[in-house]
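The following exercises introduce one protein chain. Each task is followed by a solution in steps.

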Amino acid sequence: SLASEIRTRQTQHQERLAAIAQKRQNLSQEAQALEQERNLMRTRQALAQTTLTKFQALEKNGYVSSAQVQQKQEEQLDIAARYSAIERNLLQNQANQQNLSAELAAQTSSLAQDLAQLKRAQSSLEQESYENRNRAETQITAASAGIITTLSGQVGQQVNAGQVLAALIPLLDADKSLSSKNARQVSSPKIASSLPLLPLAG
């Protein structure tokens, strides 16, 4: 049923929201760890640069070899590369969090559209059911009691508003004449189109 489908969609929506919330929490924790690692690497990078500067000064005075200076340069470059990698990871983390925010908004919008469509369908079915009940319960009566002389339809036939269903002679005139001049035409009331023809009641 549509009510069951609505409940299913809502349950699925809640499950997707929970999954998105978990992903956002994981990304937030990852971002915190990356921030700490970046701060640590920034400190190490500053120390490596200071050490390299000292070794370069010592090399000029002949206290260290050029190989030792080169080693410090390589250490400084390695730290700088690791720092850049952390920066890239942080940028990717931020992009992922933005994508999740967009996914969350899209999910909420999608649910709203789905529910609106299902509710429209439900309203349409309820309206159709109401109209069907009205058709089944509609009775067409003549303006007055009389004798039916002509039927222009069959029980269960679909008729239109204003369509002639039968001709009758009122009881007051029945004993005077059976002439068609005194016959009244009974028309289907203009309550709805395409109503099933039911037996006439006086």
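Accessible areas come from the Shrake-Rupley method with a 1.4 Å probe, and for residues only the protein chains shown count as cover. The model is predicted: local features need pLDDT of at least 70, side-chain atom pairs count only at pLDDT 80 or more, and totals for chains, interfaces and linings use all residues. Residues are numbered from 1 along each chain as its sequence is written, and side-chain values use heavy atoms, with hydrogens and water left out.

**Exercise 1.** State what area the protein chain exposes and what share carbon and sulfur atoms supply.

Solution. The exposed area is about 13800 Å². Carbon and sulfur atoms supply 49% of this area.

**Exercise 2.** Determine the order of the elements in the protein chain.

Solution. Helices (H or I, at least four residues) and strands (E, at least two) are DSSP runs, numbered from the N terminus. The chain holds 3 helices and 5 strands. From the N terminus on, their order is α-α-β-β-β-α-β-β.

**Exercise 3.** Identify the residues of the largest nonpolar core.

Solution. Such a core is a set of buried Ala, Val, Leu, Ile, Met, Phe, Trp, Tyr and Cys residues joined through side-chain atoms within 4.5 Å. Buried means under 20% relative accessible area, exposed over 50%, partly exposed in between (1.4 Å probe, protein chains only). The 7 members are Leu34, Met41, Ala48, Ile79, Tyr83, Ile86 and Leu90. Helices H1 (2-60) and H2 (66-137) each supply at least two of them, and H2 gives the most, with 4 residues.

**Exercise 4.** Decide whether Gln76 is buried or exposed.

Solution. Gln76 lies in helix H2. Because its relative accessible area is 14%, Gln76 is buried.
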